[in-house]
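Let's take a walk through this structure together, starting with the empty space in it and then turning to the helices around that space. Keep the 3D view open as you read.

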Amino acid sequence: MIERVATDDAALVAQAASGSEHAFRELYRAYVRPVYWLAHGLLGDPADAEDVTQETFVVAWRKLPGFELAGDSLLPWLATVCRFQAANRIRARIRDRANTAGAADETVPSTVDVEQQVIDADFAGRILREVEGLSPLDQQIFRLCATEGYAYQAAADELGVAHGVVRNRLSRIRTHMRTALRETEG
């Protein structure tokens with residue numbers, strides 16, 4: 001039996017909360033890159049960022065059965081879980097270094113910068129709002145190329161359009177996003 005999986009976050013969250021691994025996989029694919037880059041920004045280490053990203057999705061899988069999506073996107077909640085996991089990782093680093101005979105590493109932040117987290121969450125929210133204003137095809141192109149890392153041809157094949165369509169639309173999307181985000185900063 002082929003499992004039918006919805007495409008919007010609320011439906012995917014509900015299906016994943018009911019035990020649908022396929023729906024959770026869709027959520028993972030949609031958000032693994034932004035969660036990784038948030039973790040990387042907080043930790044500054046690719047290996048730790050990968051670990052925290054995986055920990056974030058493990059926590060999400062465990063907590064989804066009692067979770068209710070507050071907005072249209074799961075990303076703000078995942079970002080919060082990621083920040084907590086990153087803070088735990090930073091505390092573990094500090095504890096490990098304090099218990100070793102080696103010199104302290106001054107590059108490890110002593111706390112998580114709450115102000116930067118708020119700015120990052122606000123920025124992610126502004127990006128999501130801008131993406132929601134795009135046409136359905138542009139939203140799919142943005143998701144595949146900017147979020148999931150698809151190459152132009154792979155995205156074109158996935159969407160059933162020409163390579164040039166993806167390349168040109170993504171260029172316009174990026175220009176639109178830069179302009180819109182600059183305007184909201186000022």
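Start with the largest pocket, which has a volume of about 1,600 Å³. It is lined by 44 residues, and the ones closest to its centre are Ala30, Tyr31, Leu128, Arg143 and Thr147. Bear in mind as you look around that this is a predicted model.

Who builds the wall of that pocket? Seven helices each put in at least two lining residues: H1 (9-17), H2 (21-43), H4 (75-98), H5 (114-132), H6 (136-147), H7 (152-159) and H8 (163-185). H2 gives the largest share of the lining, with nine residues. Sorted by class, the lining of the largest pocket comes out as 24 nonpolar, 14 charged and six polar residues.

Now move over to the second largest pocket, which holds about 160 Å³ of space. Its lining takes in Phe67, Leu69, Ala70, Gly71, Asp72, Ser73 and Pro76, and then picks up Gly125, Leu128, Arg129 and Glu132 further along the chain. You have met Leu128 already, as one of the residues closest to the centre of the largest pocket. This time H5 is the helix with the largest share of the lining, at four residues. The class split here is five nonpolar, three polar and three charged.

With the pockets in place, have a look at how two of the helices sit against each other. H2 and H4 pack at an angle of about 35 degrees, and their axes are 9 Å apart. Their crossing is right-handed. On the H2 side, the residues in contact are Tyr31, Pro34, Val35, Leu38, Ala39, Leu42 and Leu43. Facing them from H4 are Leu75, Leu78, Ala79, Cys82, Arg83, Ala86, Arg89, Ile90 and Arg93. That contact has 13 nonpolar residues, three charged ones and no polar ones. Tyr31 is worth a second glance: this residue takes part in the contact with H4, and it is also listed among the residues closest to the centre of the largest pocket.

Finally, zoom out to the whole chain. What kinds of elements does the protein chain have, helices or strands? The count is eight helices and zero strands, so the pattern along the sequence reads α-α-α-α-α-α-α-α. Of the chain's 186 residues, 35% count as buried. As for how the chain meets itself, take the contacts between residues at least 6 apart in sequence: 56% of them join residues at least 24 apart.

Notes
Residues are numbered from 1 along each chain as its sequence is written. This is a predicted model: local features need pLDDT of at least 70, side-chain atom pairs count only at pLDDT 80 or more; totals for chains, interfaces and linings use all residues. Side-chain values use heavy atoms; hydrogens and water are left out. On a 1 Å grid over the protein atoms alone, a cavity is a set of points where a 1.4 Å probe fits but cannot get out, and a pocket is an open set with protein on both sides within 12 Å along at least five of seven lines; lining residues have an atom within 4 Å of a point. Grid points are joined across faces, edges and corners, and a volume is the space filled by probe spheres set on the points. Ala, Val, Leu, Ile, Met, Phe, Trp, Tyr, Cys and Pro count as nonpolar, Asp, Glu, Lys and Arg as charged, and the others, Gly among them, as polar. Axes are lines fitted to C-alpha atoms, for helices over the stretch in contact, and angles run from 0 to 180 degrees between N-to-C directions. A crossing is left-handed if the near helix is turned anticlockwise from the far one by less than a right angle, and right-handed if clockwise. Contact means heavy atoms within 4.5 Å. Buried means under 20% relative accessible area, exposed over 50%, partly exposed in between (1.4 Å probe, protein chains only).
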